[in-house]
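Colleague: I have just opened this structure and would like some help in reading it. Could we go through a few features together?

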Amino acid sequence: MESALLVIVDAANVVGSVPDGWWRDRKGAAERLRDRLAADGVPGRAGPVEIVLVVEGAARGVSSVAGVRVESAEGSGDDHMVGLVAARAAERPCLVVTADRELRRRVEELGAEVAGPRTVRP
């Protein structure tokens with residue numbers, strides 16, 4: 001059986017990629033992203049996918065829904081995402097969605113693929 005692709009989405013970075021007023025309601029913006037991911041998945045990715053949305057700061061407290069597990073980072077969201085990549089099963093493919101250059105470098109060193117926010121947000 002094929003391992004599900006683990007897709008880790010940097011909520012703050014993806015939400016912040018479009019200046020649509022997200023800063024007035026960070027939790028609501030993260031919930032809208034979560035709902036879009038639950039409805040649309042990851043366009044262009046065939047096969048089984050497990051989506052993890054990592055939230056931090058004012059967006060903490062967003063709950064999981066069917067199809068999207070939400071994890072609230074206690075400290076740095078970047079460190080939390082790196083930990084998720086490091087802990088994945090040895091052969092499990094992983095995609096991190098972010099535009100953060102330093103985070104991209106860190107997860108690529110661990111073997112993850114990276115993609116920008118437009119992967120999951122029009």
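Modeller: Gladly! Let us begin with a term: a salt bridge is a side-chain nitrogen of Lys or Arg within 4 Å of a carboxyl oxygen of Asp or Glu. Keep in mind as we go that this is a predicted model.

Colleague: Thanks. How many salt bridges does a search of the whole structure find?

Modeller: The search finds eight salt bridges. One of them joins Glu102 to Arg105, with 2.5 Å between the closest N and O atoms.

Colleague: Where do Glu102 and Arg105 sit relative to one another in helix H4?

Modeller: Here is the general idea first. An α-helix has 3.6 residues a turn, so residues three or four places apart point the same way. In our case, Glu102 and Arg105 are three residues apart in helix H4, and therefore about one helical turn separates them. Glu102 is partly exposed at 40% relative accessibility, and Arg105 is partly exposed too, at 36%.

Colleague: What happens at the start of helix H4?

Modeller: Helix H4 covers residues 101–109, and at its start a side-chain oxygen of Asp100 comes within 3.0 Å of the backbone nitrogen of Glu102. Just after H4, look for Gly111, which has a positive phi of about 95°.

Colleague: Which residues are linked in a network of salt bridges?

Modeller: That network links Glu50, Arg69, Glu71 and Arg92. Take Glu50 and Arg92: their closest N and O atoms are 2.3 Å apart. This pair connects distant parts of the chain, as Glu50 belongs to strand S2 (residues 49–55) and Arg92 to the loop between helix H3 (77–87) and strand S4 (94–97), 42 residues apart. Another bridge in the network runs between Glu71 and Arg69, at 2.9 Å for the closest N and O atoms.

Colleague: Are Glu50 and Arg92 buried or partly exposed?

Modeller: The cut-off helps here: buried means under 20% relative accessible area. Arg92 has 19% relative accessibility, so Arg92 counts as buried. Glu50, at 24%, counts as partly exposed. For the other bridge, Glu71 is buried at 19%, while Arg69 is partly exposed at 33%.

Colleague: What about a charged residue without a partner? Which side chain of opposite charge is nearest to Asp10?

Modeller: That is Arg104, 9.3 Å away; Asp10 is buried but has no salt bridge. You will find Asp10 in strand S1 (residues 5–10). Beyond its neighbours up to four places away in sequence, Asp10 touches several residues, among them Val54, Asp78, Met81 and Leu103.

Colleague: And Asn13, what is in contact with that residue?

Modeller: Setting aside neighbours within four places in sequence, Asn13 contacts Thr98, Ala99, Asp100 and Pro117. Asn13 lies in helix H1 (residues 11–15) and is partly exposed at 22% relative accessibility. To see how sequence and space can tell separate stories, consider Asn13 and Glu102: they are 89 residues apart in sequence and 12 Å apart in space, C-alpha to C-alpha.

Colleague: One last feature. How many aromatic pairs does the structure hold?

Modeller: It holds one aromatic pair. Trp22 and Trp23 form that pair, with 5.6 Å from centre to centre and 80° between the planes, an edge-to-face arrangement. Planes over 60 degrees apart count as edge-to-face, which is why the angle matters in reading this pair. Trp22 is buried, at 18% relative accessibility, whereas Trp23 is partly exposed, at 43%.

Definitions and conventions:
Residues are numbered from 1 along each chain as its sequence is written. This is a predicted model: local features need pLDDT of at least 70, side-chain atom pairs count only at pLDDT 80 or more; totals for chains, interfaces and linings use all residues. Side-chain values use heavy atoms; hydrogens and water are left out. A polar contact is a pair of N or O atoms within 3.5 Å; within protein, one must be able to donate a hydrogen and the other to accept it, and residues adjacent in sequence count only if both atoms are side-chain atoms. Helices (H or I, at least four residues) and strands (E, at least two) are DSSP runs, numbered from the N terminus. Buried means under 20% relative accessible area, exposed over 50%, partly exposed in between (1.4 Å probe, protein chains only). Lys and Arg count as positive and Asp and Glu as negative; His and the chain ends are not counted. Contact means heavy atoms within 4.5 Å. Rings of Phe, Tyr and Trp (its six-membered ring) pair if their centres lie within 6.5 Å; planes under 30 degrees apart count as stacked, over 60 as edge-to-face and the rest as tilted.
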